[in-house]
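Student: Please take a close look at one part of this model and then follow its connections outward. I would like one continuous account, with the cut-offs given for the terms you use.

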Amino acid sequence: MTTPPSVRIVERNILMFRRMWWSSLVNSLLQPMLYLLAMGLGVGALINSNEGSTDALGGLSYIVFVAPGFLVTTTMMVASVESLWPVLEGVVWGRQYEAMAATPLRAGDIAVAHALWMIVRTGVAAATVALAMALFPSIRSWGLIPAVPVAILAGVAFGMPFAAWAITRTRDISFPVIQRFVIVPLFLFGGAFFPVSQLPAALRLIAYFTPLWHGVELCRSLVSGTPMSGLAALGHVTYLLAWGLIGGVLMARYAKRRLFA
């Protein structure tokens with residue numbers, strides 16, 4: 001019996017999806033593993049050999065110090081990309097948000113939907129990085145489990161304000177500027193690769209103000225088992241929540257002005 005063309009198309013699409021899924025999974029695991037090998041073991045071997053380096057890193061080896069930073073910077077970068085061009089796509093190029101506005105959905109529903117997508121998208125990214133981290137005995141700990149939600153929260157803290165900005169734009173000319181002059185400097189100087197205390201005072205204050213430092217500090221404490229007071233941990237979580245909530249409120253307000261006026 002001959003297989004109908006429609007069935008062959010469906011089977012081919014399923015096979016293609018499986019290949020893409022496995023390719024994505026392998027890449028998601030391979031990239032953090034290579035990063036940890038290069039930065040944690042390669043660069044870390046040079047840093048750990050220097051006298052006094054462990055004291056400068058709070059008593060941690062370099063791979064234990066840098067791995068939680070990579071976990072949070074990953075969610076930061078994923079959330080920033082997913083909250084700029086896709087949101088502009090929704091209001092300008094594809095106009096999916098206009099279609100949503102034509103339904104009983106409200107502006108707040110659109111903001112909540114984007115926040116939920118940020119949780120899912122950054123959650124997948126954080127989980128794969130945490131899985132790669134678990135393959136290294138020196139950073140394998142039960143603290144990886146609560147570190148994943150903290151990294152997700154840090155991603156949402158970046159994603160929602162960027163989405164609020166993107167929904168007001170008509171072109172993406174500012175998006176590469178944000179990536180080059182906000183995300184990349186934070187990636188390098190936000191406390192992921194070296195202590196923020198090593199920065200000049202002015203840059204140190206900027207780093208403390210950003211959500212990245214708060215997420216990195218909390219994840220590093222969880223993964224390494226470094227004691228942190230409950231009040232300090234609550235302060236970090238509250239700060240990250242505030243960024244996400246403020247960004248969500250602004251996104252809902254700007255969406256209402258643009259789509260429901």
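**Helix 10 and its surroundings**

Tutor: Arginine 220 and glutamate 217 both belong to helix 10 (residues 211–224), where they sit 3 residues apart, about one turn of the helix. Helices here are DSSP runs of H or I with at least four residues, strands are runs of E with at least two, and both are numbered from the N terminus. The model is predicted, so local features need pLDDT of at least 70 and side-chain atom pairs count only at pLDDT 80 or more, while totals for chains, interfaces and linings use all residues. Residues are numbered from 1 along each chain as its sequence is written, and side-chain values use heavy atoms, with hydrogens and water left out.

Within helix 10, arginine 220 and glutamate 217 form a salt bridge, and their closest N and O atoms are 3.6 Å apart. The term requires a side-chain nitrogen of Lys or Arg within 4 Å of a carboxyl oxygen of Asp or Glu. Arginine 220 has a relative accessible area of 7% and is therefore buried, whereas glutamate 217, at 26%, is partly exposed. Buried means under 20% relative accessible area, exposed over 50%, and partly exposed in between (1.4 Å probe, protein chains only).

Arginine 220 has a second partner, phenylalanine 65: the arginine lies over the face of that ring, at 3.6 Å from the ring centre. A charge counts as over a ring if NZ of Lys or CZ of Arg is within 6 Å of the ring centre and within 35 degrees of the ring normal. Another such arrangement places arginine 169 over the face of tryptophan 165, at 4.0 Å from the ring centre.

Next in sequence to phenylalanine 65 comes valine 64, which is found in helix 3, a helix that spans residues 62–82. Valine 64 is buried because its relative accessible area is 10%. The C-alpha atoms of valine 64 and valine 223 are 7.8 Å apart in space, although 159 residues separate the two in sequence. With neighbours within four places in sequence left aside, valine 64 is in contact (heavy atoms within 4.5 Å) with Ser138, Ile139 and Ser224.

Threonine 74 also lies in helix 3. Its relative accessibility of 12% makes threonine 74 buried. Under the same exclusion of sequence neighbours, threonine 74 is in contact with Ala125 and Val129.

Glutamate 82, likewise in helix 3, counts as buried because its relative accessibility is 18%. Beyond residues up to four places away in sequence, glutamate 82 touches Val87, His114, Trp117, Met118 and Arg121. With arginine 121, glutamate 82 forms a salt bridge whose closest N and O atoms are 3.4 Å apart. This pair links distant parts of the chain, since arginine 121 is in helix 6 (residues 107–134) and glutamate 82 in helix 3, 39 residues away. Arginine 121 has a relative accessibility of 27% and is therefore partly exposed. Glutamate 82 also lies 8.5 Å from alanine 163, C-alpha to C-alpha, with their positions 81 residues apart in sequence.

The structure holds 3 salt bridges. One of them joins aspartate 109 and arginine 106, at 3.7 Å from N to O. Here aspartate 109 is partly exposed at 28%, and arginine 106 is exposed at 58%.

The structure also has 8 aromatic pairs. Rings of Phe, Tyr and Trp (its six-membered ring) pair if their centres lie within 6.5 Å; planes under 30 degrees apart are stacked, over 60 edge-to-face, and the rest tilted. Phenylalanine 189 and phenylalanine 194 form an edge-to-face pair, 6.3 Å centre to centre with 70 degrees between the planes. Both rings belong to partly exposed residues: phenylalanine 189 at 43% and phenylalanine 194 at 26%. Phenylalanine 209 and tryptophan 243 are also edge-to-face, at 5.6 Å and 70 degrees. Phenylalanine 209 lies in helix 9 (residues 201–209) and tryptophan 243 in helix 11 (residues 230–259), so the pair ties together parts 34 residues apart in sequence. Phenylalanine 209 is exposed at 52%, while tryptophan 243 is partly exposed at 25%. With Tyr239, Phe209 and Trp243 form one aromatic cluster.

As for the whole protein, it has 11 helices and 0 strands. Of its 261 residues, 41% count as buried. Among contacts with a separation of 6 or more, 78% join residues 24 or more positions apart.
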